[in-house]
Structure formats: structure tokens, C-alpha cells
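Let's take a friendly walk through a protein model together. Keep the picture open beside you and turn it as you read.

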Amino acid sequence: MPASPSTARAINDRLALRLLQQEGPLTAGQLKQLTGLSRPTVSDLVERLTVSGLIRVVGESGEQRRGPNARLYGIAADRAHLAALDVRTGGVLVLVSDLVGRVLAEVAVPIDAGNGTGPAVEQAVAAVEGAARKAGPDAWAGLHTVGIGAPGLVDPATGDLRDSSGLPAWHRSLVAALQRRLPKARVTVENETNLAALAEQREGAARDRDTFVLLWLGHGVGAAVVLDGRLRRGASGGTGEIGFLPVPGTGSLPSATDCDGGFHALAGAAAIGALAREHGLPAEVPLDGPGAARLVAGAVAAGTEPASRFLDTLADRLAIGTAAVTAVLDPGCVVLGGEIGLAGGEPLAARVAARLKGLSPLPTEVRPGTLGGTAVLRGALLTARDRAQDELFAP
């Protein structure tokens with residue numbers, strides 16, 4: 001059945017908006033060329049989108065002639081503001097952007113959970129409000145969508161962050177608090193590793209892959225699974241909780257409430273620090289994700305025999321977890337993400353690939369991530385932008 005006139009208009013409008021998002025400001029002639037639509041159809045959609053407030057004239061092309069045919073049309077970026085949060089154990093990172101994702105303000109705030117859940121939540125909400133007011137006088141009241149990345153499991157049925165042992169209680173309360181303060185905004189939460197995978201696929205190391213696994217290497221370990229272009233969360237939201245993966249070399253087994261006997265015990269930041277000290281490398285105590293990243297980056301740069309042995313042993317450990325993942329999923333590509341994956345770069349990825357080749361019959365490319373710890377915040381922003389545009393660009 002042919003599309004109805006209203007359906008055809010909606011399809012054409014969405015096509016034009018996506019092109020303006022991807023290519024930037026375009027003339028009506030350029031839209032005609034890129035869409036393949038007739039000149040009258042393009043003229044009609046430009047008028048519709050302008051009247052609706054979704055696009056506006058933002059300048060003129062560089063052509064010598066002037067007039068209507070030279071007008072450059074762009075998305076009305078200030079039509080909505082977006083906020084993205086990277087919620088960590090000891091603080092929160094916030095950025096505020098316009099509708100096309102241009103960052104207008106960034107704020108990093110430490111959170112003292114020792115004062116109780118209520119004060120911690122208020123600190124986090126104040127950080128979001130502060131970033132929004134820094135972005136512009138109307139940004140706080142005009143926040144359209146808030147995307148939050150947090151550690152822990154997100155219930156796929158409700159979209160709520162589930163209660164997880166070892167994580168601060170204020171994490172679970174933050175979403176509801178922001179929704180109360182911003183009743184008109186859409187507030188959503190996603191697991192931090194899943195958001196990092198989305199960012200690496202859209203802007204980083206996996207841009208040419210629709211099937212891959214991101215191995216998150218930071219303070220702890222985790223994984224995100226993308227199969228056939230879709231993020232897979234699992235029945236309870238727990239896909240990728242490989243910190244609990246039973247592996248050889250830990251001396252014990254993990255439990256339902258403690259991953260210390262699992263893969264986390266081989267590849268978490270504390271384990272990397274202990275491994276470095278075993279090889280005579282200086283490592284601060286206690287060691288967090290950024291600290292472990294500095295340690296790995298220093299070993300890569302040093303090129304000494306102890307540093308090389310340290311990287312070899314670390315690659316041995318990472319290959320164990322990677323082999324288990326590839327045996328089940330056969331993703332063809334594994335991205336070493338997080339601060340440590342970025343710090344290790346190609347030298348660490350090549351070592352892991354070589355060891356994986358000896359453990360698994362399945363051909364698997366191992367790549368270093370390119371976004372590091374910023375991937376969570378970028379993924380939260382991309383998710384917020386997509387959801388806001390899906391709503392605002394709808395007919």
C-alpha cells in the first residue's frame with residue numbers, strides 16, 4: 001500500500017531533520033540533492049519545519065548569488081536542553097548541551113555519602129542545576145531529557161536502578177529526586193558500561209562494528225554486549241556482569257554478593273596495583289580506576305623489562321575473561337574500554353589478542369577503546385539526545 005500523504009510528509013520531515021543533524025546547516029537545494037525529493041516537496045517540508053520551530057535560517061551559503069535559494073537551514077538547537085550524568089561512587093560528572101549535542105557547560109562535584117542519602121542526593125541535584133544555569137538562564141527550567149549513567153543493574157522491565165550491594169544508596173534515589181525537581185523532563189538511567197559501549201560504537205573504536213563486546217576496565221570490570229546493532233541487557237539487566245565470572249587464578253569463587261573471587265579479582269584496579277608491585281613497579285595504595293590507568297600508561301611508556309613483564313601478565317589475565325566471553329558470544333571484536341583500556345592502547349590490546357588466539361578457536365579482533373573514562377558521559381548524552389529528538393522530531 002502506498003503511504004498516505006501525512007505519512008509521506010512525516011517520513012520526509014524526519015529524513016531532512018536527520019540530514020541536518022548529521023551534515024549541519026544545508027540549503028534547500030542541498031536538501032533536494034541529498035534526499036532525492038522534488039523542489040516543491042523540499043520547499044513544503046522546509047516551511048513546515050520552520051513554522052514548527054524545529055529549524056531556522058542560520059546564515060547563507062558561500063555562493064555569490066543571494067536570496068531564498070542561498071539560505072542555510074539548521075536545527076533550532078536551543079529548542080531543548082539536555083543533561084547527561086556520569087554517577088560514580090564518590091561523585092557525579094554533569095554536562096548540559098543543546099538539542100544537537102553541543103556541550104554548553106560541564107561540572108564535576110564530589111559527593112560525601114557519609115552525611116546520609118538525603119544530603120548526597122541534594123548535592124547531586126544541585127550539581128545538575130548548577131551546570132544547567134551555567135549553560136544559560138533558561139536551561140534549568142527547559143531541560144527536556146536527562147540521561148544518567150550509573151554502576152549497577154538497571155531493571156529492563158521498570159527502567160529503575162536496582163539495589164546492589166557495595167554501591168551508595170543515593171544512586172537509586174537520584175533519579176526520583178531529579179524527576180520531582182524537573183516534572184516536565186524525561187529522566188532515564190542506564191548501566192554505565194552499556195553507555196560506554198554505545199559511545200564507542202557511535203564515536204569511538206567500534207564505529208564499523210554492529211556486533212562487539214566492550215570490556216570495561218576501570219575501578220572494577222564489566223562488559224557490554226552489542227549484537228546485530230542492538231544492546232543486549234538480559235532478563236534482569238545483568239548481561240556483562242563479568243566481575244562475578246568464576247575464573248582460574250583467584251584462589252576462591254565469587255558469591256551472589258561479592259565478586260572478589262571472580263574475574264574482578266584478576267582485573268580490577270586493586271588487583272592491577274598488586275600485580276604492579278609484584279613486578280617492582282611503584283603503585284599507590286589504594287588504587288582507583290584513574291590511578292590504575294596512570295600505572296598502565298607508565299608501564300607502556302617505560303618499555304623496561306619489569307614493565308613489559310607486568311603488561312604480559314596483565315594481558316594473560318584479561319585474556320582469561322575475554323576467552324570466556326568470546327566462547328559464549330563469538331562477537332568477532334572485543335574493545336578494551338575504560339580508563340585502563342585507553343591507557344594500555346595498542347600495546348596491551350595486541351598482547352591480549354595474541355593470548356586470546358591461543359585460548360580460543362574463534363577469530364576475535366581486540367581493539368583499544370578511544371574514549372576512556374569519558375565514554376559513559378558521552379553515551380549518556382547520546383542517549384538523551386536521541387530520545388529528545390525522537391520526541392521533538394515526531395510528526
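**Inside the cavities**

The residues lining the largest cavity divide into 6 nonpolar, 2 polar and no charged. This is a predicted model, and you can look for the cavity in it by finding the residues around the space. They are Val-213, Leu-215, Ala-223, Ile-242, Gly-321, Thr-322, Val-325 and Val-334. The space they line holds about 40 Å³.

Which elements each supply at least two residues of this lining? They are β8 (212–217) and α10 (305–329). The largest share, 3 residues, comes from α10.

How many cavities of 30 Å³ or more are there by the rule used here? The count comes to 2, so let's visit the other one too. The second largest cavity holds about 30 Å³ of space. Around it you will find Val-87, Ile-148, Ala-150, Leu-161, His-171, Leu-174, Val-175 and Val-189. Two or more of these lining residues come from each of β6 (143–150) and α5 (170–181), with α5 giving the largest share, 3 residues. Here the lining divides into 7 nonpolar residues, 1 polar residue and no charged ones.

Now turn to a pair of strands. Strand β11 (residues 333–337) and strand β12 (residues 365–368) run parallel, joined by 4 bridges. To get from β11 to β12, the chain passes through helix α11 (residues 338–359), and this β-α-β crossover is right-handed. For a landmark in the pairing, find Cys-333, which stands opposite Glu-365 in β12. While you are looking at strands, here is a handy general point: in a regular strand, side chains alternate between the two faces of the sheet.

Next come the charged side chains. A search of the whole structure finds 22 salt bridges, and a few of them make good stops on our walk. One of them pairs Arg-18 with Asp-390, whose closest N and O atoms are 3.0 Å apart. Why does this pair tie together parts that are 372 residues apart in sequence? Arg-18 lies in helix α1 (residues 5–23), whereas Asp-390 lies in helix α12 (residues 375–392), so the salt bridge links those two parts. Arg-18 has a relative accessibility of 23% and counts as partly exposed. Asp-390, at 38%, also counts as partly exposed.

Another salt bridge takes us back to helix α11. Glu-339 meets Arg-88, with the closest N and O atoms 3.6 Å apart. Because Glu-339 lies in helix α11 and Arg-88 in strand β3 (residues 81–88), the pair ties together parts that are 251 residues apart in sequence. Are these two partners buried or exposed? Glu-339 is buried, with a relative accessible area of 15%, which falls under the 20% cut-off for that word. Arg-88 is partly exposed, with a relative accessible area of 29%.

Helix α12 appears again in the next salt bridge. The side chains of Asp-386 and Arg-202 meet at 2.9 Å, N to O. Asp-386 lies in helix α12 and Arg-202 in helix α6 (residues 192–203), so this pair ties together parts that are 184 residues apart in sequence. Asp-386 counts as partly exposed at 21% relative accessibility, and Arg-202 counts as partly exposed at 35%. Salt bridges can also share partners, and here they join Glu-122, Glu-129, Arg-133 and Arg-181 into one network.

Conventions: Residues numbered from 1 in each chain as written. Predicted model: local features only at pLDDT ≥ 70, side-chain atom pairs only at ≥ 80, totals over all residues. Heavy atoms only, no water. Pairing = 2+ DSSP bridges. Right-handed = clockwise from strand over helix to strand, strands pointing away. 1 Å grid on protein atoms, 1.4 Å probe; cavity = no way out; pocket = protein on both sides within 12 Å on 5 of 7 lines; lining within 4 Å. Points joined across faces, edges and corners; volume = space filled by probe spheres on them. Nonpolar A, V, L, I, M, F, W, Y, C, P; charged D, E, K, R; others polar. Salt bridge = Lys/Arg side-chain N within 4 Å of Asp/Glu carboxyl O. Buried < 20%, exposed > 50% of the residue type's maximum accessible area, 1.4 Å probe, protein only.
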